[in-house]
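Here is a short briefing to read alongside the model. Have a look at the chain first, and then we can walk through it topic by topic.

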Amino acid sequence: MNIILLGYGKMGQIIERYALKRGHQIFLVVDEHNRPNLTADDIRGADVAIDFSVPSAALDNMNLCLEAGVPIVVGTTGWYDQLEDVKAKCLAFGGSILYGSNFSIGVNVFFHINRMLAKALQPYKQYDVQVEEIHHIHKLDAPSGTAITIAEGILESSDVKTNWVNTVVGEQDEIIPKPQELLIESHRIEEVPGTHTVLYSSEVDQIEFKHTAHSRDGFALGAVVAAEWLNGKKGFYQVTEIFDFNK
Ligand SMILES: NC(=O)C1=CN([C@@H]2O[C@H](COP(=O)(O)OP(=O)(O)OC[C@H]3O[C@@H](n4cnc5c(N)ncnc54)[C@H](OP(=O)(O)O)[C@@H]3O)[C@@H](O)[C@H]2O)C=CC1
Ligand SMILES: O=C(O)C1=N[C@H](C(=O)O)C[C@H](O)C1
């Protein structure tokens with residue numbers, strides 16, 4: 001496939017490596033510098049775009065790809081409050097968008113088990129639940145997209161928690177969540193690639209369910225596999241749809 005890389009930072013560069021390894025070509029690399037002059041004509045003819053840019057650019061990048069008829073895989077997080085609008089636009093245009101807060105196999109298995117765990121513990125009100133995420137200090141959004149997906153998986157089967165709230169430790173006053181609020185605690189530490197933990201605590205014990213990324217390679221390979229999966233499809237998809245264990 002001919003691939004456009006929208007964003008050529010930490011992720012874009014690793015994605016390039018995996019794309020070439022899997023026999024694809026890089027059609028165009030876009031970063032903050034050449035993005036302002038980019039038009040739909042410049043990207044027509046590519047098979048797919050892969051966006052790992054910045055939250056403020058993701059929407060414009062998706063719009064450009066819809067206009068040009070280029071399918072797009074979106075790994076960028078921090079725009080999910082616009083999800084329904086983007087979905088409607090994608091379907092109206094007859095375009096192809098696949099998005100995901102996390103493309104690694106490990107985290108997608110984690111999402112699956114997280115929902116099962118939440119269901120299993122639902123009758124046992126003595127457990128309170130909390131989500132923690134740790135990322136590098138350069139991260140622009142909080143909470144992480146992955147933590148939001150985890151929180152949504154818990155909220156699906158909880159009849160106690162109604163919504164999530166977020167606190168970034170060290171950056172703001174500590175939040176004491178109300179009983180119906182699911183706390184997502186964010187930590188920004190050095191160069192941590194991404195660690196997510198779900199904690200269920202009762203008076204007598206604690207269950208910890210944790211995923212630690214050792215590098216960004218799992219995210220990058222997953223994004224290329226997602227682009228291969230999207231090839232030839234029309235519609236609005238989530239990365240979860242790629243995995244058989246979700247069927
Ligand atoms: N879904 C997943 O599995 C994962 C998602 N992510 C998400 O991916 C995103 C990128 O992460 P990361 O690579 O670490 O970030 P970086 O900051 O390392 O890279 C961001 C890149 O985007 C470029 N950029 C800025 N503005 C634009 C624009 N308007 N159009 C295109 N590119 C632009 C920057 O250009 P310049 O260098 O010129 O400023 C830079 O190359 C984040 O939102 C992160 O949360 C990260 C890992 C995994
Ligand atoms: O910004 C990052 O680095 C990451 N972002 C994604 C997120 O917001 O969940 C995925 C991964 O945890 C790394």
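## How the two domains meet

In this predicted model, 14 residues of domain 1 are in contact with 14 residues of domain 2, where contact means that the C-beta atoms, placed from the backbone, lie within 7 Å. Because this is a predicted model, local features need pLDDT of at least 70 and side-chain atom pairs count only at pLDDT 80 or more, while totals for chains, interfaces and linings use all residues. Residues are numbered from 1 along each chain as its sequence is written, and chains are lettered from A and ligands numbered from 1 in the order in which they are written.

**Domains**
- Domain 1 spans 2–103 + 217–246 and domain 2 spans 105–212, with bounds taken from an automatic or database domain assignment.
- The C-alpha centres of domain 1 and domain 2 are 27 Å apart.
- The side of domain 1 that touches domain 2 has 6 nonpolar, 8 polar and no charged residues (Ala, Val, Leu, Ile, Met, Phe, Trp, Tyr, Cys and Pro count as nonpolar, Asp, Glu, Lys and Arg as charged, and the others, Gly among them, as polar).

**The five-stranded sheet**
- An open, mixed sheet is built from 5 strands in the order β7-β8-β6-β9-β10; helices (H or I, at least four residues) and strands (E, at least two) are DSSP runs, numbered from the N terminus.
- At the edges sit β7 (163–168) and β10 (206–212), each pairing on one side only, where pairing requires at least two DSSP bridges between two strands.
- On average, neighbouring strands of this sheet are turned by 20° against each other, direction ignored.
- Strand β9 (residues 195–201) runs antiparallel to β10 and is joined to it by 7 bridges; one of the pairs is threonine 195 with threonine 212.

**Helices across the sheet**
- Helix α5 (residues 105–121) lies across β9 and β10, at about 165° to β10; axes are lines fitted to C-alpha atoms, for helices over the stretch in contact, and angles run from 0 to 180 degrees between N-to-C directions.
- Helix α6 (residues 145–156) crosses β6 (128–135), β7, β8 (181–188) and β9, running at about 170° to β6.

**Around ligand 1**
- There are 28 residues around ligand 1, and Gly7, Gly9, Met11, Glu32 and Ala57 come nearest (a residue is near if its C-beta atom, placed from the backbone, lies within 6 Å).
- Helices α1 (10–21) and α3 (55–68) each supply at least two residues of this shell.
- By class, the shell has 10 nonpolar, 13 polar and 5 charged residues.

How values were computed:
Contact = placed C-beta atoms within 7 Å.
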